[in-house]
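Subject: Structure handover

Hello,

Here is the structure for you to look at. My notes on what turned up follow below it.

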Amino acid sequence: MAKKFIDVMDTTFRDGFQSVFGGRVLMDDFFPAVEAAKIAGINHFEFGGGARFQSLYFYLREDAFEMMDRFRKIVGPDANLQTLSRGVNTVMLDTGSRELIDLHAKMFKKHGTTTIRNFDALNDIENLKYSGESISNHGLKHEVVVTMMDLPPSCTGAHDVPFYEKKLREILDAGIPYDSICFKDASGTSNPQKIFETIKMARGLVPEGTHLRLHTHETAGVSVAAYMAALEAGIDGIDLAAAPVSGGTSQPDILTMLHATKGMNFDFGGLEIEKILTYEKELHACLDDYYLPQEATMVSPIIPFSPMPGGALIANMQLLREHGIMDRYEEVVAAMQEVVEKGGYGTSVTPVSQFYFQQALENVIQGPWKAIAPGYGRMVLGYFGKTPVEPDPEIVKIASEKLNLLPTTKKAIDLADADPAKSLESWINRLKNEDIEITEENIFIAAACHDKGISFLKGQSKLDVMKKEDMKEDCTKGKSMGNGNYTVVVDGQKFSVQVAEGDADIQVVAVEGEAAAAAPTPNAPISDGIDIKALLPGNVWKIVANPGQNVHEGDVIMILESMKMEIDVVAPKGGVVQTINVATNDKVVEGQVVAVIG
């Protein structure tokens with residue numbers, strides 16, 4: 001009897017990089033390993049999309065489209081190169097209009113993509129319809145997705161086999177074109193028995209010959225058991241990675257699965273242990289200079305209580321560590337259960353995973369439901385689509401009041417189409433205003449990455465890669481306080497201060513073309529004002545308002561970047577901006593006064 005062929009997709013260069021290094025790996029550093037993988041017989045790669053698209057522009061000063069072209073040249077024309085897309089979000093920061101969704105598929109086809117895996121974190125089928133049609137219309141293979149996780153203990157109402165059957169039937173009934181179906185568990189929390197029953201259900205429901213895949217992570221320690229259950233139930237493909245970006249928060253290692261299935265009736269494309277060992281040796285050499293966070297190699301037994309994808313887990317823990325609040329981690333984990341349950345059971349995968357963590361952190365720092373994280377609030381109000389179950393009515397009410405937004409039942413894609421800022425014309429005009437060449441690639445880069453995309457296109461983006469040598473330098477610098485901006489605490493109150501050596505005349509200057517935040521002179525009378533505080537730790541991405549500027553209630557004062565999301569800091573009332581207390585790129589902690597309005 002012939003062995004059953006199991007298609008292995010190597011996720012090393014997309015999900016592996018994202019889950020271990022936050023996507024921050026330079027293309028020239030890893031391309032030799034791509035060549036080694038090809039020689040080892042691997043012909044199916046995940047090579048872009050998801051957060052790995054933005055990370056090149058945000059942190060690496062690299063063009064994702066150039067990276068994709070060069071990757072294709074290395075592996076040849078016949079390799080199946082796959083990317084990850086988030087339904088109506090594609091690879092953008094926010095929901096996209098139909099014009100931008102179509103442009104995403106067109107550009108990814110142009111730059112070497114074979115297959116796009118397309119998911120919606122809420123499992124809202126409406127968010128998969130147009131995106132799936134666009135992928136298919138541009139000649140790409142469409143891998144439609146049902147997203148999975150296990151609910152925290154005592155939570156019920158979704159994410160069981162009947163729920164997944166309902167979602168799969170909705171996909172089939174909607175007539176969405178597809179070439180394969182993937183069950184995707186980004187947090188790796190789905191228990192093996194549920195995996196087995198879900199794949200058996202799907203195998204009996206879909207037409208004969210339909211290609212079924214499973215994607216999971218090792219984060220909770222059950223990924224190999226989950227894959228074994230899926231193999232027994234009739235899966236056709238699984239995702240694996242290569243060391244040192246396998247296991248831990250990433251996918252199981254290729255060698256691990258070859259070992260786990262020894263003597264069984266499966267053929268993983270003829271992959272040979274010796275050749276994979278050579279490939280992994282080359283990958284180790286390529287990544288030897290990169291700092292490997294200890295969390296990336298760990299299995300966490302508490303992840304089922306706070307289902308968190310590997311990439312988000314690494315970023316979130318690093319954020320807590322950087323801002324000196326790592327001691328609050330277990331509190332945040334404990335708060336996650338209520339946040340998930342009251343939020344409507346969206347799957348913990350980007351962007352919903354960030355929403356959950358942000359709201360749990362808010363509940364720990366500010367007090368339960370005293371503040372609403374913008375993304376979480378917009379989710380429960382319906383602006384990203386329909387959640388699997390109705391969110392808690394009281395939380396919906398609080399979110400509506402805090403964000404000054406009414407709940408909506410409109411489709412997310414229709415809301416995006418109605419927003420002029422999400423039109424092609426809007427981004428073409430932005431490029432014209434910035435004197436940037438008008439190409440379809442540049443339009444999409446700007447639309448997907450906003451101001452950071454513009455900075456990249458203007459040659460102004462910064463390199464931010466975590467290499468061992470850089471970490472050593474950071475530790476050395478940390479032995480003494482040097483020049484720069486710091487946050488200090490005096491009598492329990494946090495202040496942002498500037499430090500310079502000697503008798504330097506400290507001046508407030510413009511940063512990256514933004515208006516300077518003028519410091520008040522000693523004799524300038526300032527009326528009592530309202531402190532505007534950062535609700536979450538993060539970095540100052542952009543300062544929107546200037547001192548002396550009139551603003552209305554709800555106007556954006558500045559934008560913070562926190563946990564892969566842009567967070568608006570808004571005016572709590574109308575008035576005049578008295579001071580801006582931070583500068584672009586400053587790190588801020590929760591509760592820090594970033595501006596004063598009077």
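Leu240 is buried, with a relative accessible area of 1%. This residue sits in strand E9. Please keep in mind that the model is predicted. Setting aside residues up to four places away in sequence, Leu240 touches residues from several stretches of the chain. Among them are Val8, Met9, Asp10, Thr11 and Thr12. Leu240 also touches Tyr227. Further contacts of Leu240 are Gln251, Pro252, Asp253, Ile254 and Met257. The C-alpha atoms of Leu240 and Leu255 are 9.1 Å apart, with the two positions 15 residues apart along the chain.

Arg117 is another one to look at. Is Arg117 buried or exposed? The relative accessible area of Arg117 is 1%, so this arginine counts as buried; the cut-off is under 20%. Arg117 belongs to strand E5, residues 115–118. Its contacts, again leaving out residues up to four places away in sequence, include Gln82, Thr83, Leu84 and Ser85. Glu143 and Asp239 are also among the residues that Arg117 touches. So are Arg213, His215 and Cys182. Met9 appears in the contact list of Arg117, and Met9 appears in that of Leu240 too.

The chain as a whole

The protein chain has 598 residues, and 56% of them count as buried. Its secondary structure comes to 20 helices and 20 strands. Take the contacts with a separation of 6 or more: 74% of them join residues 24 or more positions apart. About 24500 Å² of the chain is exposed. Carbon and sulfur atoms supply 51% of that area.

Two buried helices

Helix H3 covers residues 51–60. Ten of its ten residues are buried, so H3 is largely enclosed by the rest of the structure. The buried set includes Arg52, Gln54 and Ser55, along with Phe53, Tyr57 and Phe58. Just after H3 comes Arg61, with a positive phi of about 55°.

Helix H14 spans residues 352–365. How many of the residues of H14 are buried? The count is 14 of 14, so H14 is largely enclosed by the rest of the structure. From first C-alpha to last, H14 reaches 20 Å, close to the 20 Å expected at 1.5 Å a residue. Gly367, just after H14, takes a positive phi of about 110°.

Backbone points to check

Most residues other than glycine have a negative phi, and most peptide bonds are trans. The following residues depart from that.

- Trp369: phi is near 60°, a positive value in a residue other than glycine. Trp369 lies in the loop between H14 and helix H15 (374–380). Trp369 is buried, at 9% relative accessible area.
- Thr90: phi is positive, about 45°, although this residue is not a glycine. Thr90 is placed in the loop between strand E4 (80–85) and helix H5 (98–110). Thr90 counts as buried at 1% relative accessibility.
- Ala243 and Pro244: a cis peptide bond joins the two, with omega of about 15°. Pro244 lies in the loop between E9 (237–240) and helix H10 (254–260).
- Thr350 and Pro351: a cis peptide bond joins this pair as well, with omega of about 5°. Pro351 lies in the loop between helix H13 (329–343) and H14.

Cavities

How many cavities of 30 Å³ or more are there? The count comes to three. The second largest holds about 90 Å³ of space. It is lined by 14 residues, and the closest to its centre are Asn89, Asp120, Ala121, Pro351 and Phe384. Pro351 is also the proline of the cis bond to Thr350.

Towards the C terminus

Thr579 lies in strand E18, residues 575–580. At 12% relative accessibility, Thr579 counts as buried. The side chain of Thr579 makes a polar contact with the side chain of Asn581, at 2.7 Å. Thr579 and Gly598 are 19 residues apart along the chain, and their C-alpha atoms are separated by 9.4 Å.

Best wishes

Conventions. Residues are numbered from 1 along each chain as its sequence is written. This is a predicted model: local features need pLDDT of at least 70, side-chain atom pairs count only at pLDDT 80 or more; totals for chains, interfaces and linings use all residues. Side-chain values use heavy atoms; hydrogens and water are left out. Helices (H or I, at least four residues) and strands (E, at least two) are DSSP runs, numbered from the N terminus. Buried means under 20% relative accessible area, exposed over 50%, partly exposed in between (1.4 Å probe, protein chains only). Contact means heavy atoms within 4.5 Å. Accessible areas come from the Shrake-Rupley method with a 1.4 Å probe; for residues, only the protein chains shown count as cover. The expected span of a helix is 1.5 Å times one less than its number of residues. A polar contact is a pair of N or O atoms within 3.5 Å; within protein, one must be able to donate a hydrogen and the other to accept it, and residues adjacent in sequence count only if both atoms are side-chain atoms. On a 1 Å grid over the protein atoms alone, a cavity is a set of points where a 1.4 Å probe fits but cannot get out, and a pocket is an open set with protein on both sides within 12 Å along at least five of seven lines; lining residues have an atom within 4 Å of a point. Grid points are joined across faces, edges and corners, and a volume is the space filled by probe spheres set on the points.
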